[in-house]
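Student: I should like to learn how to read empty spaces and charged pairs in a protein model. Could we work through one example together?

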Amino acid sequence: HCVRPGADVHGFPLVRFASLWPFDSWNGPGDRAAFEQEAPNLTFPYLDGLLGRLREEIPDREARFAAYRALQLPDGMPGIVNYRRLHQIEVRRLEAMDEKFAVAIGSFILENFAERRLFHTTVRPNWEIFSLMMQFVARLVGVSEPIGLNESVDASLRNPQVPIHPKVARDLGVKWVRDGTRYLHRGRAVTWESYIRSYIEHYG
């Protein structure tokens, strides 16, 4: 009701990337107990559905961390999401997005995600992807001047960052993720292990 009659309406692509965070609540079942414990002010704004499931199955926190790190679930527990297949779905989705909107954002993601950090979370792109998106929007509204963003924009985009599971990174060929890779969480640089252990301790 707030759009005047005759106004031009343009669609734009949803820029997200699920492949690196297959257990994130943005991509499937979330961590309901953690959400109910803290919402709306979550200490960990990107909840982990697999850690939520493991909390119910493995009371011992050290054993739970070990199962999560190895991605080996107790007998009888439903299987882990097939993140290789999820990536194949993401490839097709990004290719279809490029075709639908006549952009090359999806191809840029697929060609570069293994070499450098293009997303900080499933739904938080880095400055390069954000710049491509802004260029697309500028063309939609008839802006002819070039849109020039640089890495400084990342100062507002990179906090928070969600650590990438080492096994997922290894199996998808992500070269920039190593044992000591640091991620920003609540203004502090943390490793994947310290982030996951903190999550387990915080939510019990």
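Tutor: The discussion below takes up cavities, then pockets, and then charged side chains. Please keep in mind that this is a predicted model.

Student: How does one begin to look for enclosed space, and how many cavities of 30 Å³ or more does a search of the whole structure find?

Tutor: Rolling a probe the size of a water molecule over the atoms shows where empty space is left. In this case, two cavities of 30 Å³ or more are found when the whole structure is searched.

Student: What is the volume of the largest cavity, and which residues lie nearest its centre?

Tutor: The volume of the largest cavity is about 150 Å³. Its lining is made up of 17 residues, and those nearest the centre are W21, D48, Y68, V162 and P163.

Student: Which element gives the largest share of that lining, and how do the lining residues of the largest cavity divide by class?

Tutor: Helix α9 supplies the largest share of the lining of the largest cavity, namely four residues. By class, the lining of this cavity comprises 14 nonpolar residues, one polar residue and two charged residues.

Student: What can be said of the second largest cavity, and which residues line it?

Tutor: The second largest cavity holds about 40 Å³ of space. Its lining consists of F17, L20, F113, R116, R117, L118, F119 and W176. Six of these residues are nonpolar and two are charged, while none is polar.

Student: Let us turn to the pockets. What is the volume of the largest pocket, and which residues lie nearest its centre?

Tutor: The largest pocket has about 200 Å³ of volume. It is lined by 13 residues, with P166, V177, R178, D179 and W192 nearest the centre. The elements that contribute two or more residues to this lining are α8, spanning 166–171, and α9, spanning 192–203. The largest share, three residues, belongs to α8.

Student: How does the lining of the largest pocket divide by class?

Tutor: Six of its residues are nonpolar, two are polar and five are charged.

Student: Which residues line the second largest pocket?

Tutor: The second largest pocket, with about 160 Å³ of space, is lined by P22, F23, D24, N27, G28, P29, G49, L50, R53 and V81. These divide into five nonpolar, three polar and two charged residues.

Student: I now come to the charged side chains. What is the general idea, and how many salt bridges does a search of the whole structure find?

Tutor: Side chains of opposite charge can pair when their charged atoms come close. Here, a search of the whole structure yields nine salt bridges. In one of them, the side chains of E201 and R61 meet with an N to O distance of 2.9 Å. E201 belongs to helix α9 and R61 to helix α3, so this pair ties together parts that lie 140 residues apart in sequence.

Student: Is R61 buried, exposed or partly exposed, and why?

Tutor: R61 counts as partly exposed because its relative accessibility is 34%.

Student: Which residue forms a salt bridge with R197 and lies in helix α3?

Tutor: That residue is E62; the closest N and O atoms of R197 and E62 are 2.9 Å apart. This pair links distant parts of the chain, with R197 in helix α9 and E62 in helix α3, 135 residues apart. Both partners are partly exposed: R197 has a relative accessibility of 29%, and E62 has a value of 44%.

Student: Where does E193 enter the picture, and which residues form the network of salt bridges?

Tutor: The side chain of E193 also meets that of R197 in a salt bridge, at 2.9 Å from N to O. R197 and E193 are four residues apart in helix α9, so about one helical turn separates them. E193 is partly exposed, its relative accessible area being 34%. A network of salt bridges thus joins E62, E193 and R197.

Student: Finally, what of R64: is it buried or exposed, and how far away is the nearest side chain of opposite charge?

Tutor: R64 is located in helix α3, which covers residues 61–70. R64 is buried and has no salt bridge, with the nearest side chain of opposite charge, that of E201, 7.5 Å away. Apart from neighbours within four places in sequence, R64 is in contact with L51, L54, R55, I58, P59, I200 and G204.

Methods. Residues are numbered from 1 along each chain as its sequence is written. This is a predicted model: local features need pLDDT of at least 70, side-chain atom pairs count only at pLDDT 80 or more; totals for chains, interfaces and linings use all residues. Side-chain values use heavy atoms; hydrogens and water are left out. On a 1 Å grid over the protein atoms alone, a cavity is a set of points where a 1.4 Å probe fits but cannot get out, and a pocket is an open set with protein on both sides within 12 Å along at least five of seven lines; lining residues have an atom within 4 Å of a point. Grid points are joined across faces, edges and corners, and a volume is the space filled by probe spheres set on the points. Ala, Val, Leu, Ile, Met, Phe, Trp, Tyr, Cys and Pro count as nonpolar, Asp, Glu, Lys and Arg as charged, and the others, Gly among them, as polar. Buried means under 20% relative accessible area, exposed over 50%, partly exposed in between (1.4 Å probe, protein chains only). Lys and Arg count as positive and Asp and Glu as negative; His and the chain ends are not counted. A salt bridge is a side-chain nitrogen of Lys or Arg within 4 Å of a carboxyl oxygen of Asp or Glu. Contact means heavy atoms within 4.5 Å.
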